[in-house]
Amino acid sequence: MKRSFYILTLAIIFLFFGTSAHANEPASAHLFAYTKKDNGRAGLLFAWSIDKKNWHQIGNEYPFVKSDYGSWWGGKNMENPTLTQTPDGFWHSLWTLNTDDPTFAYAKSEDLITWEPQIYPVLDYNNICKNLNATYNSGDESFSVSWMGDKNGKVTFYTANTKDFRTFSPISEISKSQISEKRETISITGKPETGTILQVKWSVIDNLIKNAQLVNFQNQQNQETMNVVAPRFSEIKSLKANIKANKESKAISDDLIGIFFEDINYAADGGLYGELIQNRDFEYNSSDNRDWSNKTAWTLKGEGSTFEISTENPLHENNPHHAILKTEKVGASLLNDGYKGIALKKNEKYDFSIYTRATDSNCSKLIIRLIDKDGYVCGETKIAKPSKNWKQNKAVITATKTVADAHLEIIMETSGEIAIDMVSLFPQKTFNGRKNGLRADLAQTLADLKPQFVRFPGGCVAHGDGIENIYNWKHTIGSLESRKPQHNLWGYHQSFGLGYYEYFQFCEDIGAKPLPVVAAGVPCQNSGKHNHKIAGQQDGIPMDEMDAYIQDILDLIDWANGDPKTNKWAKMRAEAGHPAPFNLKYLGVGNEDLISVVFEERFKMIYDAIKEKHPEIVVIGTVGPFSEGSDYVRGWDFATEQKVPIVDEHYYQPPGWFINNQEYYDKYDRNKSKVYLGEYAAHVSGRHNNIETALLEALHLINIERNADVVTMTSYAPLIAKEGNTQWNPDLIYFNNTEVKPTVGYYVQQLFGQNAGDEYIYSTIQLSENNTEVNKRVGKSIVRDSKTGDIIIKLANLLPIEVELNLDLAELGIDQQTAPATILTGTPDDKVAKPTKTTFNLKSDKLKPYSFTVIRIKGNK
Ligand code: AHR
């Protein structure tokens, strides 16, 4: 190991243990709580002083709590915070949020380090709250909160009392002189800052200093990439690993590897959904995307034609817009671009469909053509003269040429006017040949992962951008024209052509369990469409609408599993083509929500109703968006109180996090809820998916396999992304109209999915170089698949050097010399590596530098 690395390690040890070595520490000192004036997102900062003259920043502006209010793009502001301590030792902070909303923030902490979920009370809808102060009344253990209200520039001062910042006494007006202002202005590093000064025990400050140092150190470690750490291992000449499998084993989940499907990155329309016509129903509009209208993707070609949008006499009330095409000069046409072009394959058949209605007596036949960019006709059909009422017309077009970017052309054979809607073109070769089906190559790439379950429809899409945007499964079933499209919070449109039926059908086709996720009665707390003026941070479905909402969820279970003879929703499933139940077992409730009172009340109502009506359903709750913090802590407490069977954890982490948190789940209490790691990925700078991220994810899954008695399900996120329409990187699979491009990380998921086991076999590892930095970068897991009896060995080498392997499998009764193996390897920034198959020598072989190896030893079943 490099000498410089030893020096760094020593410096770190000194940093943590050295600071507490002072014998001469004060009993108390002054703590200053403030935030930076010029940056609403700086969070709550601390400085300390012995004499109130020399102030020392703690942790170089390290934020001990950050505001969680509002959306990511416009909110999360903290202004003018104040801090109070009550005799029970708890700390209470209040701050102003913004200049628009009639609310403020309250947060509570036992140690100034861990904070409870924030509360944003709304006391007066007409006033915004500035300059908050809180005075504690020890008599009745309440706070008198005062603030400056600002109503269109008219300043008034108010007060109200509270014990818990959830309920308040009626507010009353006070004069400015009655405000007891707690803030002072001091100078830190030459700059004036305003905040609260409190005299505290030195141990409080000492803890804050150490915590900030630790977090800063961990952050630095977490950012360390493979290329940065590689020189540390340059002096190792050879590295040997002895791995010995034991007889002992434990049962682990057989649902460990699943997939997370969210309509993000054009995953549904323009992606997995096989439809080739964009905006087929003329329902796009500016709420989907500010540059869009009902005419998006459609253009007129030639002269003498008009194309208008009408809502008169619609095809269906849920699909209110259609197009009126008028031709005065024959030859003009209406073009659809598809999703930046329509991909066609020579000799393949395409199902075309269009609804037409005659709007005047001169209605003519339609000519439908598929043309390439040079005007070559790649396929053509004719559609009969329309009648007075809407009628669906179908035709099959055979492509005469392979093209990546054809257009669809609608031409009126004679002059006249016609109404058209639901213009659709599907390849007949969808996945499994399903009508209204999925794009075959993309769906096959998902199937090849061998996922045990498919989560749907998100992600944020599940709980939506405000209450109106919560994903409503009932709007996604039935005839296509009756589905109710809506805005997708990732900045585009959801046609719901790929709805619940198509999703469940896909799960069945690939042998995966469905895992639908419904909103917990609350939309995404970070969304832009919250009614902050009324609800503060988080809207919830109004209580008087909750029964209906809960009924919708119960109906979903009936739709999936019920008996068509006795249940109306099950009958709809049968009529759609699936009389047998879909065998729904799991149901997610909530997606990384703020664990607020609004959330908890609604979650409990939903959870109780499901338990009562459908005790057979395994509910998966949520514990916020991160692997730590107030939502994670409160989410876990709440799930434990409610005995939720499984909770959904999410985290996207930098490289070092995966190296330094390998025991994350080893310490989880086996008696609490099980874990579904529903969203995770390694994020390196630039957000690539490369060998570095893939190996980190492999290492993480190796650690999870060891803990798969408590982590019972996982899914990498997000799953698929269309090139040119990607809102989030990295993703597991990229695609365009003609190609599917699995990433390096895809192969890790696939190797785990295809090599799952249900029994974890304990083993030990001994490395010739015994130091933690090396140890942390070699991972192993041995499982048995009880169906086949196969033993599967997974080995990750995250070092730049090879590892000579001695595998001792004697206790498993295995003494064969070789076994088939698959190896994924490359340099850390390799984005195109693919796994290769080989024969592995079990007695003496080597793990390649930067590699993931899966060895499969055939069992005797
Ligand atoms: O996976 C992308 C997004 O990340 C999901 O929609 C959300 O749940 C998470 O924040």
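In what follows, Lys and Arg count as positive and Asp and Glu as negative, while His and the chain ends are not counted. On that basis the chain carries 93 positive and 107 negative side chains, and the centres of these two sets are 4 Å apart. The model under discussion is a predicted one.

The overall architecture may be considered next. The chain contains 16 helices and 45 strands. Its C-alpha trace extends over about 95 × 85 × 55 Å along the principal axes. For 861 residues, a compact globule would be expected to have a radius of gyration near 29 Å, and the 31 Å of the chain agrees with this. Of the 861 residues, 58% count as buried. Among contacts with a separation of 6 or more, 70% join residues that are 24 or more positions apart. The chain exposes about 35,400 Å², of which carbon and sulfur atoms supply 50%.

Helix α7 offers a point of entry into the interior. This element, residues 500-510, is mostly covered, with nine of its eleven residues buried. The buried residues are Tyr 500, Tyr 501, Glu 502, Tyr 503, Phe 504, Gln 505, Phe 506, Cys 507 and Ile 510. The elements that cover them include the helices α5 (440-447), α9 (543-561) and α10 (568-575), together with the strands β26 (453-456) and β29 (513-518). After α7 comes Gly 511, which has a positive phi, near 70 degrees.

Within this helix, Gln 505 may be examined individually. Buried residues are those under 20% relative accessible area; Gln 505 has 6% relative accessibility and therefore counts as buried. Apart from neighbours within four places in sequence, Gln 505 is in contact with Arg 434, His 578 and Phe 582. Phe 582 is also a member of an aromatic cluster. That cluster includes Tyr 500, Tyr 501, Tyr 503 and Phe 504, each of which is listed among the buried residues of α7. The other members of the cluster are Phe 261, Phe 456, Tyr 471, Trp 473, Phe 496, Trp 559 and Trp 569.

Aromatic pairing can also be followed elsewhere in the chain. The whole structure holds 55 aromatic pairs. One of them joins Phe 603 and Phe 638 in an edge-to-face arrangement, with 5.7 Å from centre to centre and 70 degrees between the planes. Phe 603 belongs to helix α11 (residues 597-613) and Phe 638 to helix α12 (residues 630-642), so the pair ties together parts 35 residues apart in sequence. Both partners are withdrawn from solvent access by the criterion used above: Phe 603 counts as buried at 2% relative accessibility, and Phe 638 is buried with a relative accessible area of 6%.

A further pair is formed by Tyr 680 and Tyr 716. Their ring centres lie 6.0 Å apart and their planes stand at 75 degrees, so this pair is edge-to-face; the angle required for that class is over 60 degrees. The pair links distant parts of the chain, 36 residues apart. Tyr 680 is located in strand β33 (residues 674-682), whereas Tyr 716 occupies the loop between β34 (711-714) and β35 (720-722). At 0% relative accessibility, Tyr 680 counts as buried. Tyr 716 is likewise buried, with a relative accessible area of 2%.

Methods: Residues numbered from 1 in each chain as written. Predicted model: local features only at pLDDT ≥ 70, side-chain atom pairs only at ≥ 80, totals over all residues. Heavy atoms only, no water. Helix = DSSP H or I, 4+ residues; strand = E, 2+ residues; numbered from the N terminus. Rg over C-alpha atoms; globule rule 2.2 N^0.38 Å. Buried < 20%, exposed > 50% of the residue type's maximum accessible area, 1.4 Å probe, protein only. Contact = heavy atoms within 4.5 Å. Areas by Shrake-Rupley, 256 points an atom, 1.4 Å probe, with all protein chains shown as cover. Charge placed at Lys NZ, Arg CZ, Asp CG, Glu CD. Phe/Tyr/Trp six-rings, centres within 6.5 Å; stacked < 30°, edge-to-face > 60°.
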